[in-house]
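Here are my notes for when you have the model open. Each point takes one spot, so you can click along as you read.

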Amino acid sequence: MRFLLLSPLPPARDGIADYTARLAAAYQVAGHAVAVVTAVRQVDPAWTPVLGALSWSPLRLLRVLQAIRRWAPDAVQVQHGIATYGARLLPLWILVLATRLVGIPVVITHHEVTRDVDRLGLAGRLYYRVVSTRADVVHVHTEQAKDVLIEQLGISPWRVLVSPHPVYELPSSDVTGPELLARHDLCGRRVLLQFGFVHIEKGLRELVDGLARLASRDPAVRERVRLVVAGDVRPRSAAFARFEAADRAYLEDVRRRAADGGVAGLIVFTGHVPDGEVAGWFAAADVVVLPYTHSEQSGVANLAIAAGVPVLASRTGGLGTLFAGALPTFAALDPESIADALAGYLERASAMPDLTEHYGDLTRAASPAGLARSICQRLGRPDPLDEAA
């Protein structure tokens, strides 16, 4: 099958760009042809073929549409999140509509439907209903997102495809876990890792309050434990600058709370993490902490699965499906509950369950080849793996 992906690509600092790069590579391994129309004009030159970029220029959009028709895709798959496109949302949907008018089926992967609907209220519900009804297949990663589409937005169940966020191999590392531990004076301590862009919904404030409560209960924690916040606020376009400002204000509030709670010295803020350090940080971590207050799915959780690292997560959204029953979870997100969960982990860290089988099952269930096969089935198109068999 020939997939045209509409999405940002690296070096864009966006989780959807990374997702698309890895998804495209996996599709190709599974025997599918892939081309891309990017959200921005500058992309990694290794990407071929790139058929064009979204633009406000009608002439440039026409040229992109002509390139699409020449390449003759079997389906267009839109990797969609409102904040990812910003001011380019209108050109995006104009191009999607044009592809449908020339007879190309459209698959939309919604990455943040539940969060966007919660944040934007009625406007978000109307927006998602309009764009989702223009798709032949609407792909989401969790049953929670499916429920929002069907029950709140009135999308027909036959349009909706649930396939979990894939688990990919970690990028190659320029630095080892022990090297990072030494660089940040973490040797001999339990490392709690919160990784990725800093967002209000990721529960960093709640985690810091819980860590302060635990340190007040057990002063030995001050020597035994460090929390590493590996990431920074995501830069956003001018159209969504208020979301970036809100996240930066949130991060400053977290720093103040850490100082007021007497745990500033227990927290390492790394700022932006280069690709070459990602695997190193997961190798350095004893546990990845995901006390998310709201979550549809988590790329960070999948990085932890790929690295084989234990996870201590809340039960919100898809996190409960991934980890509840296999690993301890946060019972709630008040300071006492978080302190209890952290203390429980520290007490039984040496007796954590073997995660190999569970993580292997999650990885197989979220295979990109399986997603492509499901899309092929929905669209009535042949799948290369089925044909080879």
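Is Ile94 buried, partly exposed or exposed? Partly exposed is the call, because its relative accessibility comes out at 42%, and buried would need under 20%. Keep in mind throughout that this is a predicted model.

1. **The nonpolar patch.** Ile94 sits in helix H4, which covers residues 89–101. On the surface, Ile94 joins Trp56 and Leu90 in a nonpolar patch, and together the three have about 330 Å² of accessible area.

2. **A lysine without a partner.** Have a look at Lys202, in the loop that runs between strand E8 (190–195) and helix H8 (204–217). Lys202 is buried, yet no salt bridge goes with it. The nearest side chain of opposite charge belongs to Glu201, and that is 8.5 Å away, whereas a salt bridge here has to be within 4 Å. What does Lys202 touch, leaving aside neighbours within four places in sequence? Its contacts are Gln194, Phe195, Gly196, Phe197, Pro291, Tyr292 and Val300.

3. **Cysteines.** If you were going to look for disulfides, the count is zero. Two cysteines to click on: Cys187 is partly exposed, because its relative accessible area is 49%, and exposed would take over 50%. Cys376 counts as buried, because its relative accessibility is 1%.

4. **Arg129 and its contacts.** Arg129 lies in helix H5, residues 113–132. With a relative accessibility of 38%, Arg129 counts as partly exposed. Setting aside residues up to four places away in sequence, Arg129 touches Leu153, Gly154 and Ile155. For one of these, Ile155, the separation is 26 residues in sequence and 7.0 Å in space, C-alpha to C-alpha.

5. **Positive phi at Ala72.** Most residues other than glycine have a negative phi. Ala72 has a positive value, near 60 degrees. You'll find Ala72 in the loop between helix H2 (58–71) and strand E4 (75–80). Ala72 counts as partly exposed, at 42% relative accessibility.

6. **Positive phi at Asp185.** Where is Asp185? It lies in the loop between helix H7 (177–183) and E8. Phi is positive here too, near 55 degrees, in a residue other than glycine. Asp185 is exposed, because its relative accessible area is 57% and the cut-off for exposed is over 50%.

Terms used
Residues numbered from 1 in each chain as written. Predicted model: local features only at pLDDT ≥ 70, side-chain atom pairs only at ≥ 80, totals over all residues. Heavy atoms only, no water. Patch = residues over 30% accessible without salt bridge, like charges linked within 9 Å, V, L, I, M, F, W, Y side chains within 5 Å. Areas by Shrake-Rupley, 256 points an atom, 1.4 Å probe, with all protein chains shown as cover. Helix = DSSP H or I, 4+ residues; strand = E, 2+ residues; numbered from the N terminus. Buried < 20%, exposed > 50% of the residue type's maximum accessible area, 1.4 Å probe, protein only. Lys, Arg positive; Asp, Glu negative; His and termini not counted. Contact = heavy atoms within 4.5 Å. Disulfide = S-S within 2.5 Å.
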